[in-house]
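Subject: Structure handover

Hello,

Here is the structure for your files. My notes on what turned up in it follow below.

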Amino acid sequence: MASLLWGGDAGAAESERLNSHFSNLVHPRKNLRGIRSTTVPNIDGSLNTEDDDDEDDVVDLAANSLLNKLIRQSLVESSHRVEVLQKDPSSPLYSVKTFEELRLKEELLKGIYAMGFNRPSKIQEMALPMMLAHPPQNLIAQSQSGTGKTAAFVLAMLSRVNALELFPQCLCLAPTYELALQTGRVVERMGKFCVDVEVMYAIRGNRIPRGTEVTKQIIIGTPGTVLDWCFKRKLIDLTKIRVFVLDEADVMIDTQGFSDQSIRIQRALPSECQMLLFSATFEDSVWQFAERIIPDPNVIKLRKEELTLNNIRQYYVLCENRKDKYQALCNIYGGITIGQAIIFCQTRRNAKWLTVEMMQDGHQVSLLSGELTVEQRASIIQRFRDGKEKVLITTNVCARGIDVKQVTIVVNFDLPVNQSEEPDYETYLHRIGRTGRFGKKGLAFNMIEVDKLPLLMKIQDHFNSNIKQLDPEDMDEIEKIEY
Ligand SMILES: Nc1ncnc2c1ncn2[C@@H]1O[C@H](COP(=O)(O)OP(=O)(O)OP(=O)(O)O)[C@@H](O)[C@H]1O
């Protein structure tokens, strides 16, 4: 039998280390939509709960989007097929393989190369010729996060700006203050050599004294504040806007009031203004919104590669209770060689309990849950990616979008369920699924309390896949599992 990798007592020094680790990890939640209360776990795993610890962590689209941006290092590889629907199907379809073909201003080309871009991404190959065409064309573009949409519309804005004219000429709407800042940073980097082109943020808290004339050419902001600056304070003359960008449309429509505010802004733009809308997903609601707000659009879609469970071997272990689940997890962990693992729990309370247990047993684990700020989450994911921790314990905040390639083992310490206590199939797929093309092999273990077995069987039927039972005491069987 392979020896367990953890064990031993947590002494006083260890307790102190754990407590200080937690005080670093668990901060008062200051999320994108306001301040939340504090929860500090005690060393014995009990909790001083003042907040919604028992609740599932809600996936916040805007926070996830920001997180993706913070942890992304480069373009997301994509073999996907690009679909183009032209406003005028008879006009020739251009695509470019180099940035030179776009005949950009010298200083802009310099900015692009200074960012390390050698050639257009898949979506940029098709989108840039349309976005830079004369006369300007409207565009709706959908492709997954990280495929180069932001860089594309920033390039369009910078190429249409006239540095000598000192008034707002390009307007970009983003769903949150933080996302607006991220886009602004791209404008600043790409426009580094575009002398006299400046960005201004129309976001809450950016107070402009009465009577100020806005001379910056590119405005990036959230719909509410932009509306206020345009109609109430008359700081922006919408009739002079040449490029209007609506970024992250899927996140935008998720926020109450933002669709209507965006439409009010769009209605006041001149007819010759170029209108561009971007979204990572394209459900019907996004599509309906896009069609309402972008007249006569060209449409570009990048087909997303489907997640599949085909290359994942799935197991389940029947357990009596939480302690039992933990023991089974220890046996599996001790029995197979594990690179890096992600363990999913349904509630923050369970995630904290498990983290404490594992740390007391001497493991390098980190905890990622919803009360952390996006920046703290980004730094935890980065440390995990760098291999500083082998195990990441998390709630649903980590199920989607966050791609940690080296993870080959996923543990569902709790099965994902929805509010009616039915299996949450999509979350199950996102937790353990891989894309067909890039899909390396993977292993998934489900820790199941007896009364939850019917849920697991439903999941098995739903995906028409085989989830094999594993006896956690049978170390010979466990040791045979390879990945
Ligand atoms: N042509 C390119 N060559 C190399 N890197 C690129 C290129 N275009 C964009 N990138 C880089 O790839 C990453 C993703 O690009 P970008 O942020 O534009 O994608 P996105 O589709 O807008 O993602 P999101 O929807 O999350 O904002 C960024 O780090 C960006 O600097």
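In this predicted model, the ligand is surrounded by 18 residues, and the closest of them are Lys69, Arg119, Ser145, Gly146 and Thr150. Backbone atoms also come up to the ligand. Thr147 places a backbone N or O atom 3.1 Å from a ligand oxygen, and for Gly148 the corresponding distance is 3.0 Å. A polar backbone atom of Ala151 is 2.9 Å from an oxygen atom of the ligand.

Next, the salt bridges. Searching the whole structure gives 14 of them. In one, Glu125 pairs with Lys97, with 3.1 Å between the closest N and O atoms. Glu125 belongs to helix α4 (residues 122–131) and Lys97 to the loop between β5 (82–85) and α3 (106–114), so this pair ties together parts that are 28 residues apart in sequence. The two partners differ in burial: Glu125 has a relative accessible area of 9% and is buried, whereas Lys97 has 49% and is partly exposed. Lys97 falls just short of exposed because that class begins over 50%.

The record has an entry for this stretch as well. An unreviewed UniProt entry annotates residues 97–125 as "domain: DEAD-box RNA helicase Q". The C-alpha atoms at the two ends of residues 97–125 are 6 Å apart, and the span is 45% helix and 0% strand.

A salt bridge also joins the side chains of Arg348 and Glu371, at 3.8 Å from N to O. Here the linked parts of the chain are distant, 23 residues apart: Arg348 is in helix α12 (residues 348–360), and Glu371 is in the loop between β16 (365–368) and α13 (374–385). Arg348 and Glu371 are both buried.

Arg383 and Glu389 form another salt bridge through their side chains, with an N to O distance of 2.9 Å. Arg383 is partly exposed at 36% relative accessibility, while Glu389 is buried at 4%. In addition, Lys325, Asp414, Glu449 and Lys452 make up one network, joined by salt bridges that share partners.

Asn446 is a polar residue to look at in its surroundings. Asn446 sits in strand β20 (residues 442–449) and has a relative accessible area of 0%, so it counts as buried. What does the side chain of Asn446 join in a polar contact? The partner is the side chain of Asn412, at 2.7 Å. Setting aside neighbours within four places in sequence, Asn446 is in contact with Asn412 and also with Tyr315, Tyr316, Val317, Leu415, Tyr428, Leu456 and Ile467.

Last, the nonpolar cores. In soluble globular proteins, nonpolar side chains tend to be buried together. The largest nonpolar core in this model contains 80 residues, and the members with the most contacts inside it are Met131, Phe153, Leu155, Met157, Met190, Ile218 and Leu276. Helix α5 (residues 149–160) supplies the largest share of this core, eight residues. Not counting residues up to four places away in sequence, Met131 touches Leu139, Ala152, Phe153, Ala156, Arg160, Gln274, Leu276 and Phe278. There is also a second, separate core of 34 residues, with Val214, Ile236, Ile263 and Phe282 among them.

Regards

How values were computed. Residues numbered from 1 in each chain as written. Predicted model: local features only at pLDDT ≥ 70, side-chain atom pairs only at ≥ 80, totals over all residues. Heavy atoms only, no water. Salt bridge = Lys/Arg side-chain N within 4 Å of Asp/Glu carboxyl O. Helix = DSSP H or I, 4+ residues; strand = E, 2+ residues; numbered from the N terminus. Buried < 20%, exposed > 50% of the residue type's maximum accessible area, 1.4 Å probe, protein only. UniProt positions renumbered as here; feature names shortened; annotations may be inferred. Polar contact = N/O pair within 3.5 Å; in protein donor to acceptor, adjacent residues only side chain to side chain. Contact = heavy atoms within 4.5 Å. Core = buried A, V, L, I, M, F, W, Y, C linked by side-chain atoms within 4.5 Å. Near = heavy atom within 4 Å.
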